[in-house]
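Here is a short tour of one structure for the bench. Have the sequence and the 3D view open, and let's walk through it together.

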Amino acid sequence: MKNLFPGHFAKEEKAQKELWAKCVFVFDANILLNLYRYSDETKTTFLQILDLLKERAWIPYQVAHEYIDNRLKVIDEQQEKYTTTLSEVAALSAKLEHPRQHPFVSKSVMVRVEKSLQNLKSELETNKEAHIKRIHSDDIKDQLSNIFKDRVGNKLRNDQLEEIIKEGEKRYTEKIPPGYADTKKASAETFLAARCRPYGDLIVWKSLIEKCKTDNLPVIFVTDDGKEDWWLRFKGKTLGPRPELVEEFTSETGMDFHMYQPERFLSLAGDFLKEKTSREALQEIRELRETKQLSESAPTALLARDHFSSLLKSNKFEDRASEDELYQNYSMLSTEKEILRQQLNDLTLRHQVAIRRGRNLPFEYDGTDIEESLEYQSIKSECMELESRLIETHKKLAKTLKLIHELERQLLIKKNDNINIKEWKHNYNRTEN
């Protein structure tokens, strides 16, 4: 059975060790770009692991192209975050200059807080300057260039790209992974590079298969892409790579294939290389992905927000709405329901992470009064904000579910009870697909 469905069985410890002992390690562009988003400690740790594995590391040409093409954009994004944070620190410092705004805080505590803010501001300014310098003198790019020297795949010919586009159109229609979640990258532009944009993941996937065929070695692919066209998920948990990917890779090459998200790779690589990886680095990497996923889901949520914002206020549908309009509302509300559930999962995870940070804080202060520390106050404020957002999101989800039930009732009335709920849901989903 395992031979027929290899993607549905977890690797045993022995098989995993054998895979790590002889595989080619392939890295996605988002892994390289995240190095600009990590703290210096985490970035250094990741680069050290890459350097230790460089004899067996490799990236497709598409990955190198995406890294070079997006490097300056990511540097600029991080620069903006430094600017925003410095503005927030300055605003907080200005508030603290007015004692009437905080009459219950002792002067000795305020002196320590102001000193902490000055140290924070100084470090942020120093780090911002170092980050800006990477536009012209990029230490990360130089290290990656050394690690992947002579370890980048060949550029595909135009006719090869045209073949992948042609195959991709069929695969995406049938939702065969990977890449079908990137259809939003399609544009009206007709030149080859523009037509390739939705198929970047598929180009990388084809390159992995060809690399395996050439070297006759299994592959471990490390990616921070969290979309459903790469990962198998169940009830919010990531179980592993999509079984279709494992089965296609094995069928095409006869070799083994596995995927890791960056924090899991870093943890296992540390064990494999006998190099300790700090818990803080793994937590930082995980938190960055969770934050990115939350921000990426926001534009999707805005698409339907304006349409049913009035519905959330009125808690009802127009009695004169046509059947098509009700079906359209059903689609939008179903989308909103899934978005709210994902937001609840994300907020819950972030809340749990903040609580863990708070619980670990006493170990870092050696018995001193942590409640006077700026870090304690920051974590406390973050927990209160997340709790408030959790309550608000729960309320929105409850209203959305109530509207869905009301919509189902109206559809049954319009159908004169000649069709049951399961049937019209099935009919609707079939027409949508």
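## The sheet

Let's begin with a pair of strands: β3 (residues 219-222) and β6 run parallel and are joined by four bridges. Within that pairing, Val219 has Phe257 of β6 as its bridge partner. Please keep in mind that this is a predicted model.

The wider picture is an open sheet of four strands, paired in parallel and ordered β2-β1-β3-β6. Which strands stand at the edges? They are β2 (57-58) and β6 (257-260); each has a single partner strand, so one side of each has no neighbour in the sheet. As general background, the strands of a sheet pair through backbone hydrogen bonds.

## A helix across the strands

Helix α9 (residues 200-215) lies across β1 (24-27), β2, β3 and β6. Relative to β3, α9 runs at about 155°.

## Two helices that pack

Now look at helix α1 (residues 13-22) and helix α11 (residues 262-273), whose axes are 12 Å apart and meet at an angle of about 80°. The two helices are therefore roughly perpendicular to each other. On the α1 side, Gln16, Trp20 and Ala21 make the contact, while α11 brings Phe265, Leu268, Ala269 and Phe272. By type, the residues of this contact are six nonpolar, one polar and no charged.

## Cysteines

How many disulfides does the structure hold? The count is zero. Cys196 is buried, at a relative accessible area of 10%. Cys212 is also buried, because its relative accessibility of 2% falls under the 20% cut-off.

Note on methods. Residues numbered from 1 in each chain as written. Predicted model: local features only at pLDDT ≥ 70, side-chain atom pairs only at ≥ 80, totals over all residues. Heavy atoms only, no water. Disulfide = S-S within 2.5 Å. Buried < 20%, exposed > 50% of the residue type's maximum accessible area, 1.4 Å probe, protein only. Axes fitted to C-alpha atoms, helices over the stretch in contact; angles between N-to-C directions. Parallel < 35°, antiparallel > 145°, perpendicular 65-115°, else oblique. Contact = heavy atoms within 4.5 Å. Nonpolar A, V, L, I, M, F, W, Y, C, P; charged D, E, K, R; others polar. Pairing = 2+ DSSP bridges.
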